[in-house]
Amino acid sequence: MVVPASIPPWAYIRCFQLYLEYIQRRYSDEQPVVVYEVTGLRVVQANQAAIDCGVEVAMPLSDAWLLCDNLQTEQYDEATERQLLADIALALYADFAEIAQDPEHCGLWLRLQGLQRLYQDPGQVKHCIQTHLIGASYQLTFASNPRCAQLGLDDLQQPMADVSQHCLVINTPLEETVKVRLLHMGVDTLDKLLKVPTTALGKKFGAPVVRLVAELRGQQTVPLQWLQPADNFNHRVELAAEARSWAALRFSCKRLLQMLQRYLQTRQLALTRFLIVLTCRQGQHQQIPIQLAYPQTQADDFFALLQVAMEATKLRAPVMYVQLEAQHFEQLQATSYGFEPVTGEQTALPALLNRLQMKLGEARVYGYRRKPGWMPESQQEPAPAASAPGTTGNLQAAGDWRPPWLVIPEVVDINEWQLHGQPQRLQSPWWQPRSEQRDYMLARDHHGRWGWLYFLAAEQRWYLHGWAS
Amino acid sequence: MNSLQHPALQTMLQRGQLFRGQQHIVETNQQRASTGYPQLDQVLAGGLPYGQLHEVQLPGLFCGETALLRAPLQSAERANHPVFWFNPPAQPHVSGMGLSHARHTLLQGLEDDELTWAVSQVVSELSTGVVCIWHPNLPAQAVRQWQRRLHGELLLLVFTCHMNNEARAYHSRLRLQLEQGQLSWDVLKRPGGWPVYGLGERLQAW
């Protein structure tokens, strides 16, 4: 009987050149590109074309220039790389609940202990991570504790003494002065460090080295910053070139909306409004609010509305960044259609109303519903579009006739009208501030049209309040 | 004497009850909405067919056109279908119209291009329900576009106070005259029949 391999407790993903891969899309693969540090003017990341030319990481930028004539250089942007790492962490959060970020080393810890039921073997974990990191170069290490995983020591496959032989002390997260002192003592690899008695390490190198050794042995926990996804969705993408029209923004907006869709699907949420912020080179912002009549979850639906909004929007300046902010979420409601097949109508109407409201404004697209009221004009109120008026909340007596159209009451000359039928008295209750007594009657004008008039005794005047033909 | 000169036949021809050969056979199985006026229903083979675009020309607002809405609204009410009101001349009163279950959407204050766009969206997306449009004079292009996009059982009614005789792609065109409470309907265009003029009806309140 083959016992399935259990998954290791910890995994660590190290992304070597996240920022380089981010900016590489501006260049062809054959173009040598390096990312350099401003302070020391040294190469920190180099693509394969640059490496083929002899460029190495940590090399002075001047040397790299000598090796490649057509070298393209980009300044390292730590903030952007951290944001990219955070984006990866958020994407992985869909499959891994416990994620800690290590921005200094551009890595992520994944705690796998509680995921034994989801992933039976390390291969499944690898596959899952691969789906989120397609196209990225990274190193994945499984280990028994977070420090071993961070240093690339797979202590589960081989004994610690063996794997630590290849791990240099200079790669550890110790201070530089401590590393130099260790090297002067001849301790250049971790296996040598682990052989030194702890008491001697403490006396000669202080607490940090003792702590590191304890962490490597799993005797002490590593302080980690666990990922806590924000309650809102807020993402920004930088455009490859300044966009001067909506057409140039479409791709980036679609990408953001697909991220939003994944975010909503993972959390079983729906959205009724979001904000697109366009930022130009000088830092000026242009905000485009998108309001939905009905909650949506699909990127295509959001995009259709955004398209409507953008067609009516003029860009004030060329855009460098597109940001999507969403804060107001609703729980996704399950819709039951019974045994009847779901028709296109049921799904098309909310999307249609969203589009109409987006283009024409909420104030011009609405519905009506009944509400409790004594007077005809107060027996209905505006409601969300495509609302059913309902049957409840009506104080109108059964059998009371009402006209099909209501107008704002206007004074009429009763001599131009011919009254018909019996009057109907409507009176608002005495406890209301403006209590009125109206005597309604049907009447015909000189054309023969049927109007609904009332006589206001307090003013001794006739008003037209509706039409019935 | 030519048999067609017979007064009775002439009357039937004028009323559109008798047609010469090669006439279009009216599809009697098509679902129709009663106009609320018996003579008009008779000429229209039962009423205004669903899934089509119809124009009603009026001498003024509230001259008797509201009766045309009764049957379509009741049908929408029974089936919980959507009802769209584009630039209605007054506030539809839900109690007066007896509306409870149909899903209503009002679109007010639309400019011509906005109205054309919005109706196109509705016509493209929906296949059931009622769409009522009030507009002075719709462009021929918009009418043709809507008629082409119409599908399913969606009923479009266009009310206009412009007495237009120009050709339009409406399925049927009605003209209303009102004098001293006496209605007179002219059927300017209908499928499978000639125009019919002067169908008299008494204007009743809703």
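In this predicted model, strand 3 (residues 53–57) of chain B runs parallel to strand 9 (residues 172–179) of chain B, and the two are joined over 4 bridges. Within this pair, Val56(B) sits opposite Leu174(B) of strand 9. Helix 5 (residues 112–125) of chain B packs on the sheet, where it touches strand 4 (82–86), strand 6 (103–107), strand 7 (130–134) and strand 8 (155–160) of chain B. The direction of helix 5 of chain B makes about 170 degrees with that of strand 4 of chain B.

Now for the sheet as a whole. It is open, has 10 strands with mixed pairing, and draws on both chains, in the order 14(A)-13(A)-6(B)-4(B)-7(B)-8(B)-3(B)-9(B)-10(B)-11(B). Its edges are strand 14 (380–383) of chain A and strand 11 (196–202) of chain B, each of which pairs on one side only. From one strand to the next, the twist averages 25 degrees.

Chain B contains 6 helices and 11 strands. Of its 206 residues, 54% are buried, and its accessible surface comes to about 8,800 Å², with 47% of that belonging to carbon and sulfur atoms. Counting contacts in chain B with a separation of 6 or more, 60% link residues 24 or more positions apart. Helix 3 (residues 67–79) of chain B has a good run of buried residues, namely Leu68(B), Leu69(B), Ala71(B), Pro72(B), Leu73(B), Ser75(B), Ala76(B) and Glu77(B). Just past the end of helix 3 of chain B comes Asn80(B), with a positive phi of about 55 degrees.

What do the two chains share? The size of an interface is often given as the accessible area lost when the parts come together. Between chain B and chain A, the buried area is about 4,100 Å², and carbon and sulfur atoms give 59% of it. Phe62(B), His93(B) and Trp117(B) supply 17% of the area that chain B buries against chain A, more than any other three residues. The contact involves 52 residues of chain B and 45 residues of chain A.

Over in chain A, helix 10 (residues 198–205) and helix 11 (residues 207–216) pack at an angle of about 150 degrees, their axes 7 Å apart. Helix 10 of chain A brings Thr198(A), Leu201(A), Gly202(A) and Phe205(A) to the contact, while helix 11 of chain A brings Ala207(A), Pro208(A), Val209(A), Val210(A) and Val213(A). By type, these residues are 7 nonpolar, 2 polar and no charged.

Chain A also has a hairpin, in which strand 5 (residues 99–102) and strand 6 (residues 107–111) pair in the antiparallel sense over 4 bridges. Gln101(A) stands opposite Leu108(A) of strand 6. Among the 4 residues between the strands, Cys106(A) takes a positive phi near 50 degrees.

Technical notes. Residues are numbered from 1 along each chain as its sequence is written. Chains are lettered from A and ligands numbered from 1 in the order in which they are written. This is a predicted model: local features need pLDDT of at least 70, side-chain atom pairs count only at pLDDT 80 or more; totals for chains, interfaces and linings use all residues. Side-chain values use heavy atoms; hydrogens and water are left out. Two strands pair if DSSP finds at least two bridges between them. Buried means under 20% relative accessible area, exposed over 50%, partly exposed in between (1.4 Å probe, protein chains only). Contact means heavy atoms within 4.5 Å. Accessible areas come from the Shrake-Rupley method with a 1.4 Å probe; for residues, only the protein chains shown count as cover. Axes are lines fitted to C-alpha atoms, for helices over the stretch in contact, and angles run from 0 to 180 degrees between N-to-C directions. Ala, Val, Leu, Ile, Met, Phe, Trp, Tyr, Cys and Pro count as nonpolar, Asp, Glu, Lys and Arg as charged, and the others, Gly among them, as polar. Buried area is the accessible area (1.4 Å probe) that two parts lose on being put together, summed over both.
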